[in-house]
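Reader: I should like to learn how to read the features of a structural model. Please give the general idea of each feature and then the case at hand.

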Amino acid sequence: LFSVNALAQRKGTFRCLITRMDGSVQYGYLRIDKSRITPSQFEFYKGNSNSGEKELITPQNAKFINIADSLFYRSGFVKVYDNPVDKNTLGEQSDEPMKEGTFFLARLIRGSRVSLFALEDSTKTHYILEDSSFNLQCLRYVRYYDNAEGGSAIIEKTFYKNQLLAYVDKN
C-alpha cells in the first residue's frame, strides 16, 4: 500500500514529548532500537539526558508521542484483520478472524479531515484511518501466497478501496 521503510529504519535515541492518558505532558528521550514501525513499547528517559531515569512507555500509559524530527505515535484501540499469510485458494474472506487491542499507531499522513496510521505486527502492516472525530477504522486488505501457482504468486484482495470510496461519499 504505502512505503513504510523509512519509519522502520528509525533507530536511536530521540528528544520527545509524551502526552499521558491524564493529559499531562513530559519531555525526555525515547529510545527506538527495533526495526519495527510500531513497537509495543518504548524506553523513555525522563529529563534532559538519555541517561536519566528509565520508564517503559506502552499504549496503556501514553496517549501521544511526538518525536523531535516529526515522527508521531498515538495509542488507539483498533480491530485489525488478522488473515493468515498462506492460503490454498482465494476462498471466502468474510469470516476473516480479527484481533483487537490498544496499540501504538505510527502516523504516515496527516490531513485536515483524515489521517493515515500504520500498525505493524507479525502478520503484515495494517493501515488505519483516523477521521476528524478521532474514530479509527482499519483498512481491510488480504495478502497471501497462492499455492495453486506453486506458492510463488502473491495474491492481494484490496477491500480497502471500497472502504475509501464509502468514506469519501459519506464526507
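Reader: How much area does the protein expose, and what share of it do carbon and sulfur atoms supply?

Author: Accessible areas come from the Shrake-Rupley method with a 1.4 Å probe, and for residues only the protein chains shown count as cover. The protein exposes about 9,700 Å², and carbon and sulfur atoms supply 47% of this area. The model is predicted: local features need pLDDT of at least 70, side-chain atom pairs count only at pLDDT 80 or more, and totals for chains, interfaces and linings use all residues. Residues are numbered from 1 along each chain as its sequence is written, and side-chain values use heavy atoms, with hydrogens and water left out.

Reader: What percentage of the residues is buried?

Author: Buried means under 20% relative accessible area, exposed over 50%, and partly exposed in between (1.4 Å probe, protein chains only). Of the 171 residues, 39% are buried.

Reader: How are the strands of the sheet arranged?

Author: Strands of a sheet pair through backbone hydrogen bonds, either parallel or antiparallel. Strands (E, at least two residues) and helices (H or I, at least four) are DSSP runs numbered from the N terminus, and two strands pair if DSSP finds at least two bridges between them. The protein has two helices and 13 strands. Here 10 strands form an open sheet with antiparallel pairing, in the order E4-E3-E2-E1-E5-E6-E8-E9-E10-E11. Strands E4 (54-57) and E11 (136-139) are the edges, each pairing on one side only. Within the sheet, E2 (residues 25-32) and E3 (residues 42-46) pair over four bridges, and Tyr29 stands opposite Tyr45 in E3.

Reader: Which residues form an aromatic cluster?

Author: A pair of aromatic rings is described by the distance of the centres and the angle of the planes. Rings of Phe, Tyr and Trp (its six-membered ring) pair if their centres lie within 6.5 Å; planes under 30 degrees apart count as stacked, over 60 as edge-to-face and the rest as tilted. The structure holds four aromatic pairs, and Phe42, Tyr73 and Phe104 form one cluster.

Reader: Is Thr58, in the loop between E4 and E5, buried or exposed?

Author: Thr58 counts as buried because its relative accessibility is 19%. Contact means heavy atoms within 4.5 Å; not counting residues up to four places away in sequence, Thr58 touches Ser40, Gln41 and Phe104.

Reader: Where does Phe134 lie?

Author: Phe134 lies in the loop between E10 (125-131) and E11. Although Phe134 is not a glycine, its phi is positive, at about 70°. With a relative accessible area of 59%, Phe134 is exposed.
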